[in-house]
Amino acid sequence: MKHILSLLSIFFICITFSTAQTDGQGSVAPRQYLSPLEVKLEQEESEVQYYKKWLGELKAAYQAKDMGKVASYESAVLMSLRNEINQLELKIDSEAAQTERRKSAYSGQLTPVSSPDEAPARDPLAEAVTPDEIRLETMKYTLAAFDRHAFDPGTPEVAARDFAKLDKIQVIMEEALAELKAIFKK
């Protein structure tokens, strides 16, 4: 019995000592969680950086006339463009659905938060009005231009025009990122 009590007391003394040691050195700072806007900002920054990287690699491979890498990097650039288009479509649909909800809420009836699936049907032939719709339209036209596309090392003037289209997409993505950063600073 004495052995058990002495072992327990030694055990508690050791635990108390180790706890006092960690508290004396300072505790670990609590983890700071990011807001949804911060997460969105980080995601957009990384997407712009990836697009820039793949576009730079594509240009370098074209200059080196390494057509295997050109095809690979062009695929990566277009995949990045498709991802951006999908996100922009979701954003536009979500904003349209929220607008419809606000209109019905204005009538005095309570409505739950909407999902992008509830967005009103948009006329595909209607002109783009908002900056996001204009970006989306430009991105879709560019993606369509690169469908079944191949860079030809024998026609540098055509390649220069194609690279200009891809550079324009980079500028569009950077403008959207700048707008998001401006919202974040408010």
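Asp132 and Arg135 lie three residues apart in helix α4, a spacing of about one turn of the helix. In this predicted model, the side chains of the two residues meet in a salt bridge, with an N to O distance of 2.8 Å. Both Asp132 and Arg135 are buried. The pair also belongs to a wider arrangement, in which salt bridges with shared partners join Lys91, Asp132, Arg135 and Glu179 into one network.

Helix α4 was examined further. The helix has 15 residues, which at 1.5 Å a residue should span 21 Å; the C-alpha atoms at its ends are 21 Å apart, so the expected and computed values agree. The buried residues of α4 are Asp132, Glu133, Arg135, Leu136, Thr138, Met139, Thr142 and Leu143. Lys140, in contrast, counts as partly exposed, at 40% relative accessibility.

The side chain of Lys140 forms a salt bridge with that of Glu89, at 2.7 Å from N to O. This pair links distant parts of the chain, since Lys140 belongs to helix α4 (residues 131–145) and Glu89 to helix α3 (residues 67–106), with their positions 51 residues apart. Glu89 is partly exposed, at 25% relative accessibility.

A further salt bridge connects the side chains of Lys59 and Asp167, again described by an N to O distance, here 2.7 Å. Lys59 is located in helix α2 (residues 36–63) and Asp167 in helix α5 (residues 156–185), so the pair ties together parts of the chain that are 108 residues apart in sequence. Lys59 has a relative accessible area of 29% and is therefore partly exposed. Asp167 is likewise classed as partly exposed, with a relative accessibility of 28%. Side chains of opposite charge can pair when their charged atoms come close. In total, the model contains eight salt bridges.

The overall fold was considered next. The chain has five helices and zero strands, and its elements follow the pattern α-α-α-α-α along the sequence. Of the 186 residues in the chain, 24% are buried. The accessible surface of the chain amounts to about 13300 Å², and carbon and sulfur atoms account for 60% of this area. Among contacts with a separation of 6 or more, 67% are made by residues 24 or more positions apart.

One buried residue with a charged side chain is Glu44. This residue is found in helix α2, and it counts as buried because its relative accessibility is 6%, below the 20% cut-off. Leaving aside residues up to four places away in sequence, Glu44 touches Glu84, Gln87, Leu177 and Leu180.

Aromatic side chains were also surveyed. The structure holds five aromatic pairs. Ring pairs link Tyr62, Phe146, Phe151 and Phe163 into a cluster. A pair of aromatic rings is described by the distance of the centres and the angle of the planes. Apart from ring pairs, a charge-over-ring arrangement is present: Lys53 lies over the face of Trp54, at 3.7 Å from the ring centre.

Backbone geometry was then inspected in the loops. Lys65 lies in the loop between α2 and α3. This residue has a positive phi of about 60°, although it is not a glycine. Lys65 is exposed, its relative accessible area being 57%, which means that it exceeds the 50% cut-off for that class. Arg148 is placed in the loop between α4 and α5. The phi of Arg148 is near 60°, again a positive value in a residue other than glycine. Arg148 has a relative accessible area of 82% and is therefore exposed.

Key:
Residues are numbered from 1 along each chain as its sequence is written. This is a predicted model: local features need pLDDT of at least 70, side-chain atom pairs count only at pLDDT 80 or more; totals for chains, interfaces and linings use all residues. Side-chain values use heavy atoms; hydrogens and water are left out. A salt bridge is a side-chain nitrogen of Lys or Arg within 4 Å of a carboxyl oxygen of Asp or Glu. Helices (H or I, at least four residues) and strands (E, at least two) are DSSP runs, numbered from the N terminus. Buried means under 20% relative accessible area, exposed over 50%, partly exposed in between (1.4 Å probe, protein chains only). Rings of Phe, Tyr and Trp (its six-membered ring) pair if their centres lie within 6.5 Å; planes under 30 degrees apart count as stacked, over 60 as edge-to-face and the rest as tilted. A charge sits over a ring if NZ of Lys or CZ of Arg is within 6 Å of the ring centre and within 35 degrees of the ring normal. The expected span of a helix is 1.5 Å times one less than its number of residues. Contact means heavy atoms within 4.5 Å. Accessible areas come from the Shrake-Rupley method with a 1.4 Å probe; for residues, only the protein chains shown count as cover.
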